[in-house]
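I opened the notebook to record what I looked up here: a metal site, a helix and the pockets. The entries follow in that order of interest.

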Amino acid sequence: MSWLDATLKKSQHLLERGLDRNVRLAVTGLSGAGKTGFITSLINQLLTAPTYHQLTFFKPNADGRLTASKLAQHPELHIPGFDYHGAIDRLTGNNPVWPASTRGVSQAQIKCRFHVSNKWVKKVQADSTVTIDIIDYPGEWLLDLPLLGMSFKEWCQACVKYLSSERREAFCSRIKSEITALDVTQAVDETSTSNQLGVVAKKYTEALLKYREQHNDFSLALPGRFILPGEFEGAPTLEFFPILNEDILSLDWGTVPANSIIKVLEKRFNYYKNEVIRPFFDEYFSKVDRQIVLIDTCSVLESGYDSYIDLKQTIEKLLDGYSYGRSNWLKRLFSPSIDKLLIATSKVDLVPPDQHAALESFMQKMVAQARNNVGYEGVDVETMAISAISTSEPVITEHDGQKLHCVKGKDRGSGNSVIHYPGKVPETILSRSQWNQLEIDFSPFDIPELNADEPLPHIRMDKVLQYLIGDKFL
Ligand SMILES: Nc1nc2c(ncn2[C@@H]2O[C@H](COP(=O)(O)OP(=O)(O)OP(=O)(O)O)[C@@H](O)[C@H]2O)c(=O)[nH]1
Ligand SMILES: [Mg+2]
């Protein structure tokens, strides 16, 4: 091959790669992890960057190549638009408030115009545009993802384990007895039993929701749409519950009558999987290129050993669902094409800067197994400690003659400026007794006074942008 051919080939290859400038970004995380705050800040940072050049570690901005950004009308007109302006108005209003917990799906599209940097691509076009699509949805619905890989019986077995834990006893013992007393193998008439099943399903949901309200708890025993049904409110597909009798779970269900309660519940569970969960993930997650998983490690640390174990297992199941290997069930279903995954611990503005590394390290250890599985499949995985919207500033005080790094912010009650030391963040996984001795308090601050037209204060959002989309600005 002559040098001219080689050069042309190289330039063509780079052009093709460089021209792939649409990024579909999945922002993933359980309820309250900070997804909506993150999306609001990400849009805000991109919209203000061409004017303020504040994103030091986001190369196109640092190099002065990002010339303009705008929010565009998303071409998928059947999906509501993400209410960016509403979120900014609420954050920057007289009495600032955080965006409300998300109750449905919405989507944003951001277009960023930039000067091309690659010398080969530049020969063909001096300027180009990167288009970023982001989806926001209720974190509760994410809990349904692992259900896709389970049969009804497997789900029941997982629920038996979950409901047998001591701390849930007070909340679940009544509904457990009610479910185990049902004659679930007898043939029934579905139409006349439907009402009864609906009542039991309602009581089951209420018992688990009560537990969830009082404890920071996420579990597969409470399917996502049981918490937030959206358009499925009142539909029979949400009226199922697990079989909890261990003797029945050990039976071969092949011999059970087709119109028994077991079979009715199984049918509803399968319908839920195939007609509710699968279309949702298919529509929103199958075309994703990049993913960020947000984890509120601060609240994990505050909620104790048992909650930690629950959350760790849920995250493992979720990331396993997202893992991209050939043998993986999600890959078989959707063939997602994610090539970069960022696992970020959110809200680190509640932690003094000298402890960010410890918090990140703790989170890394919590997700080590899941991360390993994903990385093994050739996906680029990174972790970071970030804050989408910072409510504090770092300060150094003195305590017993020693320097102490703290955070300063607006007190939630009085509105006065207060200095807070949250305690020593552990760097590594703790035993149950170490958890019991952990003295930690990440008291949140009020939202500081913010200006609607300026960049929101943040921690490492520029690094997040560089990692997730920086390579698209060639
Ligand atoms: N200090 C601090 N708090 C934050 C930050 N981001 C979110 N929060 C807090 O966390 C709460 C939940 O954040 P959201 O962005 O609504 O979380 P979400 O993941 O969208 O939750 P769902 O919509 O329920 O799935 C907010 O109401 C804030 O109180 C942050 O960067 N710093
Ligand atoms: Mg939200």
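**Entry 1, helix α2.** I am working from a predicted model. I started with how enclosed α2 is: 15 of its 18 residues are buried, so the rest of the structure largely encloses this helix. I then checked its length. From first C-alpha to last, α2 reaches 24 Å, close to the 26 Å expected at 1.5 Å a residue. I looked for a bend and found a kink of about 25 degrees at Leu 46, shortly before the proline Pro 50. Just past the helix comes His 53, and I noted that its phi is positive, near 50 degrees.

**Entry 2, magnesium ion.** Which protein atoms are the donors of the magnesium ion (ligand 2)? I found OG1 of Thr 36 and OG1 of Thr 102, lying 2.0 to 2.1 Å from the ion. I placed Thr 36 in α2 (residues 35-52) and Thr 102 in the loop between α4 (84-92) and β3 (106-115), so the pair ties together parts that are 66 residues apart in sequence. Are these two threonines buried or exposed? Thr 36 has a relative accessible area of 14% and is buried. Thr 102 has 15% relative accessibility and also counts as buried, because the cut-off for buried is under 20%.

**Entry 3, largest pocket.** I read a volume of about 790 Å³ for the largest pocket. Its lining has 35 residues, and those closest to the centre are Gly 32, Ala 33, Gly 34, Trp 98 and Lys 347. Which element gives the most to this lining? I came back to α2, which gives four residues. Both α2 and α12 (297-302) supply at least two residues each. Sorted by class, I have 16 nonpolar, 12 polar and seven charged residues in the lining of the largest pocket.

**Entry 4, second largest pocket.** The second largest pocket holds about 420 Å³ of space. I listed 18 lining residues, with Ala 158, Lys 161, Tyr 162, Asp 310 and Gln 313 nearest the centre. The elements giving two or more residues to this lining are α6 (152-163) and α13 (305-322). Of the elements, α13 gives the most, with six residues. By class, I noted eight nonpolar, four polar and six charged residues in this second lining.

**Entry 5, cross-reference.** I marked α2 for a second look: this helix carries the magnesium donor Thr 36, and α2 also gives the most to the lining of the largest pocket.

Technical notes. Residues are numbered from 1 along each chain as its sequence is written. Chains are lettered from A and ligands numbered from 1 in the order in which they are written. This is a predicted model: local features need pLDDT of at least 70, side-chain atom pairs count only at pLDDT 80 or more; totals for chains, interfaces and linings use all residues. Side-chain values use heavy atoms; hydrogens and water are left out. Donors are N, O and S atoms within 2.8 Å of the metal (3.2 Å for Na, K and Ca); water is not among the atoms, so sites may look incomplete. Buried means under 20% relative accessible area, exposed over 50%, partly exposed in between (1.4 Å probe, protein chains only). The expected span of a helix is 1.5 Å times one less than its number of residues. The bend at a residue is the angle between axes fitted to the seven residues ending there and the seven starting there. On a 1 Å grid over the protein atoms alone, a cavity is a set of points where a 1.4 Å probe fits but cannot get out, and a pocket is an open set with protein on both sides within 12 Å along at least five of seven lines; lining residues have an atom within 4 Å of a point. Grid points are joined across faces, edges and corners, and a volume is the space filled by probe spheres set on the points. Ala, Val, Leu, Ile, Met, Phe, Trp, Tyr, Cys and Pro count as nonpolar, Asp, Glu, Lys and Arg as charged, and the others, Gly among them, as polar.
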